[in-house]
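Visitor: I've got a few bench-side questions about this chain. Could you walk me through it?

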Amino acid sequence: MPPYRAPRGTRDLLPAERPAWRALADIARSLSDAYGYREIETPLFEQVDVFERGVGAVTDIIEKELFRIAPRTEDAEVWALRPEGTAGIVRAYVQHGMQTWPQPVRLMLLGPMFRYDRPQAGRYRQFWQWDIEAIGDAGPAIDAEIIELGLRFYREAGLEDVEVHLNSIGDPGCRPAYIEALGAFYAKRLDELPPHERERLATNPLRLLDSKDPALVRINVDAPVITEHLCDACADHFAEVKDHLDALGVEHRPETGLVRGLDYYTRTAFEYYRRGREGQQQALGGGGRYDGLVELLGGKHTPGIGFALGLDRVILTQQDAGVEVPSVRPPIAVVVGADPGGTAERLRVATDLRAEGLPVRADLAIRKLGRQLEAAAREGSRFAIILGDELSEGNVQLRDLEAASQKVVAIDDLPALLLRKSQGS
RNA sequence: GUGGCCAUAGCUCAAUCGGCAGAGCAUCGGAUUGUGGCUCCGAAGGUCGCGGGUUCGAACCCCGCUGGCCACCCCA
């Protein structure tokens, strides 16, 4: 066994699987361009305060999953690896005075996030998210734009049966009254609650709503529904979000038990699931509105909304659904030689062709021609460029490895010839 | 953070009752010295996850640790 391994909950993404990842990143970037969400990169770590204030100090993400960086000196700042993207993006929004930009500011971020969680399938300590944020627009239309953008991404990734679950969780004006009503409801039936759920009642009663405990599922049928306790402004907003989605032809499934785990969410909350795969670990992405977050991080009161899609889970779901994804592309040609030791001329010919922009590998192993051709064929290359005695007249053998045919070609004609072939003629 | 299942070559897996660690694939080499994916031959590759214990003897039984998976918790 090797002495060192990738840290728990992390993994190496090997060449064979990278093309599928790159394809997802390409989709994310081209959709971001098309929708006008411009790419931003923020540090992988921030001051702990950014997350504690932004995500919420009493959330699981902060209390038990934050990757804290041990300070080097007593008076050093305390840092942590980012567990999600929104807090850092909003910090950047405030820091760079983006409130003076045309509003809303549409941003996208693609990168790794870190949570000190117990690993499981589809759950890693380092995982990748695609973040979309629109900061500075309170209107319901932008909610619909973003929700549809997420669905569009899944479709382009080959996942046709992803749907959005939608809820509104109110705002600081109306939510406290609802939580009180909810608390009172559970208090009346305290003896029916499992001990574990009783504890959560004190810390975060909303959480009981999406519990899977059978006893609680039964009780929750009678629980007060948040969308019936919204203030007029929140209720109007929610209705208009749904109207906008309907106008787009986007199906949305009401989910009154949907409560997101981060403190900063207000009003719109949504999660993406594959139809028939609605378990808690199966969320492919989620997001919501965070109208108080900019202010929490030192800016003016500014509305915002966004989502985070888990790329690791998209990859897993593609595999599960049998979606065809790109694989490693072989070079169009491999330069091989009759003289096993003639690595210098093989390297020179390949280098010249690469200078013309052609993906060409040279066989640099000192081995006989048969082995070189074998390797080229197994790699999937279309052509082998065979260097032999003809080289003294400026010619090579161009062998078509698929057709098993070959012809003598002037070495000077190779670039144009291969270029034509690589464009699929 | 809680509970359960698992860990043998790079990968997928065998190894009878506790009695000399194996196969397929992959890698490298050879099959009369300029022609490939097939075939044949061969080589290399192991701290049986790690550390203790029981035993004449442990891949196999017991304990601990690490890691993976699953169910919780929670999230993406």
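Visitor: Is Asp-117 buried or exposed?
Guide: This is a predicted model, so that goes for every value here. The cut-off for buried is under 20% relative accessible area. Asp-117 has 15%, so it counts as buried.

Visitor: Which residue does Asp-117 meet in a salt bridge?
Guide: Side chains of opposite charge can pair when their charged atoms come close. Here the N to O distance is 3.4 Å. The partner has a relative accessible area of 23%, so it is partly exposed. That partner of Asp-117 is Arg-123.

Visitor: How many residues apart in the chain are Asp-171 and Arg-267?
Guide: These two form a salt bridge, with their closest N and O atoms 4.0 Å apart. Asp-171 sits in the loop between strand S7 and helix H6, while Arg-267 belongs to strand S9, so the pair links distant parts of the chain. Asp-171 is buried at 16% relative accessible area, and Arg-267 is buried too, at 15%. Along the chain, they are 96 residues apart.

Visitor: Which residues are joined with Glu-255 into one network?
Guide: Start with the salt bridge between Glu-255 and Arg-253, where the closest N and O atoms are 3.6 Å apart. Glu-255 is partly exposed at 25% relative accessible area, and Arg-253 is partly exposed at 34%. Through salt bridges that share partners, Glu-255 is joined with Glu-163, Arg-253 and Arg-275.

Visitor: How many salt bridges does the structure hold?
Guide: The ones we've gone through include Arg-123 with Asp-117 and Asp-171 with Arg-267. For the structure, the count is 23.

Visitor: Which residues have the most contacts inside the largest nonpolar core?
Guide: That core has 81 residues. Take Tyr-186: leaving aside neighbours within four places in sequence, its contacts include Leu-193, Pro-205, Ile-219 and Ala-223. Another core, of 19 residues, lies apart and has Val-349 and Phe-383 among its members. In the largest core, the residues with the most contacts are Trp-130, Phe-153, Tyr-186 and Tyr-272.

Visitor: What is the area of the nonpolar surface patch that Trp-79 helps make?
Guide: Trp-79 is found in strand S4 and has 30% relative accessibility, so it counts as partly exposed. Gln-47, in strand S2, is in contact with Trp-79. Together with Leu-44, Phe-45 and Ile-69, Trp-79 makes a patch of about 310 Å².

Visitor: What distance separates the centres of domain 1 and domain 2?
Guide: Domain 1 is made of two stretches, 18–174 and 230–321, and domain 2 covers 333–422. Taken over C-alpha atoms, their centres are separated by 49 Å.

Conventions. Residues are numbered from 1 along each chain as its sequence is written. Chains are lettered from A and ligands numbered from 1 in the order in which they are written. This is a predicted model: local features need pLDDT of at least 70, side-chain atom pairs count only at pLDDT 80 or more; totals for chains, interfaces and linings use all residues. Side-chain values use heavy atoms; hydrogens and water are left out. A nonpolar core is a set of buried Ala, Val, Leu, Ile, Met, Phe, Trp, Tyr and Cys residues joined through side-chain atoms within 4.5 Å. Buried means under 20% relative accessible area, exposed over 50%, partly exposed in between (1.4 Å probe, protein chains only). Contact means heavy atoms within 4.5 Å. Patches are made of residues with over 30% relative accessible area and no salt bridge: like charges are joined within 9 Å, nonpolar side chains (Val, Leu, Ile, Met, Phe, Trp, Tyr) within 5 Å. Accessible areas come from the Shrake-Rupley method with a 1.4 Å probe; for residues, only the protein chains shown count as cover. A salt bridge is a side-chain nitrogen of Lys or Arg within 4 Å of a carboxyl oxygen of Asp or Glu. Helices (H or I, at least four residues) and strands (E, at least two) are DSSP runs, numbered from the N terminus. Domain bounds come from an automatic or database domain assignment.
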